Amino acid sequence: MALGNYTTVTGFILQGITENPKLQIILFMAFSFIYFCTLVGNLGMIVLIRVDPRLHTSMYFFLSSLSFLDIGYSSVIAPKTLVIFSTETKDISFAGCVVQFFFLSLCANTELCLLAAMAYDRFVAICKPLLYHVVMSRRVCIQLVVGSYLYAFANAIAHTSSLFCLSFCRSNVLDHFFCDIPPLQKISCSNTRIDELVHFAFAAIATIVTIVIILVSYTYIIFAILRIRSAEGRHKAFNTCASHLTIVAMLYGTLFFMYLRPISSNSADQDKVVAVFYTLVIPMLNPLIYSLRNKEVKDTLRRTIYQKTIPRCM
């Protein structure tokens with residue numbers, strides 16, 4: 001692809017996390033384990049929700065959508081990263097880089113919207129329990145999920161088109177293990193100021209709008225929980241929100257650190273560690289957090305295991 005008067009860029013070289021061969025073997029094993037756990041955990045969550053009618057509620061509909069998204073999120077990054085660790089092949093085509101970044105942006109923005117929808121769902125369940133099944137009908141839930149994807153698609157188009165309109169002539173070596181905004185901007189020979197403003201604006205809109213929805217929802221939820229007279233009732237109400245709050249804190253914390261700061265303050269090694277956390281570790285932890293803190297999911301898992309094992313023993 002010709003970019004203005006500059007040298008044609010046909011692809012990039014991903015340096016990965018380290019060039020130490022021994023450390024690459026360790027990282028390959030660690031990343032393989034993380035990716036395997038992500039696939040098993042999230043697929044398991046989707047299957048559990050699918051097979052148990054007691055989990056056919058809006059909360060678990062959003063949770064299964066989140067699990068599906070986490071599979072996509074990690075699958076955008078993990079396979080190529082494992083190839084980098086296990087072979088000498090570190091190149092990625094220009095088109096491949098565009099596609100990888102687009103789907104990464106799509107997954108990240110959709111997840112932010114889904115977390116906001118889940119916060120609203122908890123608000124209705126706790127603050128408006130008598131209207132819950134009317135307000136959060138199946139149709140409304142589907143509309144919220146589809147709306148999340150449509151908004152994220154538009155956001156990803158804006159991010160991707162702005163980033164890959166830059167000219168790349170200094171180098172085609174990315175000091176990262178996937179195509180992301182900071183390393184691509186660093187090797188660009190264009191003036192990246194406008195591009196930085198575009199990314200900052202779209203990232204700020206996505207994070208601020210969704211975090212405001214979450215904060216407002218939980219403000220009402222906290223006041224509603226405090227009005228519950230019994231300690232057991234307050235504990236039960238809080239438990240329905242604890243898993244969601246944990247995931248919100250982890251994801252928003254890392255995204256704020258990565259993208260809502262000046263490009264000049266970025267540290268490549270620091271960025272890689274944070275990127276591993278939000279692209280691979282969080283998708284692995286999400287089903288664990290929800291299953292360990294959710295009594296209904298744990299009960300369904302026990303029943304499923306019991307039904308599978310008991311007939312074999314008879």
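Axes are lines fitted to C-alpha atoms, and the angles between N-to-C directions run from 0 to 180 degrees. The legends below describe a predicted model.

**Figure 1. The whole protein holds 10 helices and three strands.** From the N terminus on, the elements run β-α-α-β-α-α-α-β-α-α-α-α-α. The chain thus opens with a strand. Five helices in a row close the order of elements. The protein has 314 residues, and 48% of them count as buried. Take the contacts between residues at least 6 apart in sequence: 77% of these join residues at least 24 apart.

**Figure 2. Three strands form an open sheet in the order β2-β1-β3.** The pairing in this sheet is mixed. β1 covers residues 11-14 and runs antiparallel to β2, with three bridges between them. On the other side, β1 pairs with β3 in the parallel sense, over two bridges. β2 (91-93) and β3 (173-174) stand at the edges. Each of these edge strands has a single partner, so one of its sides is left without a neighbour in the sheet.

**Figure 3. Ile13 links to both edge strands.** In β2, the bridge partner of Ile13 is Asp91. In β3, Ile13 stands opposite Val173. In a regular strand, side chains alternate between the two faces of the sheet.

**Figure 4. Helix α3 lies across the sheet strands β1, β2 and β3.** The helix spans residues 94-127. Relative to β2, α3 runs at about 85 degrees.

**Figure 5. Gln100 sits in helix α3.** Is Gln100 buried or exposed? Its relative accessible area is 6%, so Gln100 is buried, the cut-off being under 20%. Leaving out residues up to four places away in sequence, Gln100 touches Val76, Ile77, Lys80, Ile92, Phe178 and Cys179. One of these, Ile92, falls within the 91-93 range of edge strand β2.

**Figure 6. Helices α3 and α5 pack at an angle of about 145 degrees.** Their axes are 8 Å apart. α3 passes α5 in a right-handed crossing. By class, the contact has 16 nonpolar and seven polar residues. Charged residues are absent from the contact of α3 with α5.

**Figure 7. Helices α5 and α7 pack at an angle of about 165 degrees.** α5 covers residues 138-163, and α7 covers residues 193-226. The two axes are 9 Å apart. The angle makes α5 roughly antiparallel to α7, because angles over 145 degrees count as such. α5 passes α7 in a left-handed crossing. Which residues meet here? From α5 come Tyr151, Asn155, Ala158, His159, Ser162 and Leu163. From α7 come Asp195, Val198, His199, Phe202, Ala203, Ile205 and Ala206. By class, the contact has eight nonpolar, four polar and one charged residues.

**Figure 8. Gln24 lies in helix α1.** This helix spans residues 21-51. Gln24 has a relative accessible area of 11%, which means that it is buried. What does Gln24 contact, leaving aside neighbours within four places in sequence? Its partners are Thr18, Glu19, Phe85 and Lys90. Thr87 is 63 residues from Gln24 along the chain. The C-alpha atoms of Gln24 and Thr87 are separated by 9.9 Å.

**Figure 9. Met258 is found in helix α8.** The helix covers residues 231-259. How is Met258 placed, buried or exposed? With a relative accessible area of 2%, Met258 is buried. Not counting residues up to four places away in sequence, Met258 touches Asp180, Asp271, Val274 and Tyr278. Gln270 is 12 residues from Met258 along the chain. Between the C-alpha atoms of Met258 and Gln270 the separation is 9.4 Å.

Technical notes. Residues are numbered from 1 along each chain as its sequence is written. This is a predicted model: local features need pLDDT of at least 70, side-chain atom pairs count only at pLDDT 80 or more; totals for chains, interfaces and linings use all residues. Side-chain values use heavy atoms; hydrogens and water are left out. Two strands pair if DSSP finds at least two bridges between them. Helices (H or I, at least four residues) and strands (E, at least two) are DSSP runs, numbered from the N terminus. Contact means heavy atoms within 4.5 Å. Angles under 35 degrees count as roughly parallel, over 145 as roughly antiparallel, 65 to 115 as roughly perpendicular and the rest as oblique. A crossing is left-handed if the near helix is turned anticlockwise from the far one by less than a right angle, and right-handed if clockwise. Ala, Val, Leu, Ile, Met, Phe, Trp, Tyr, Cys and Pro count as nonpolar, Asp, Glu, Lys and Arg as charged, and the others, Gly among them, as polar. Buried means under 20% relative accessible area, exposed over 50%, partly exposed in between (1.4 Å probe, protein chains only).
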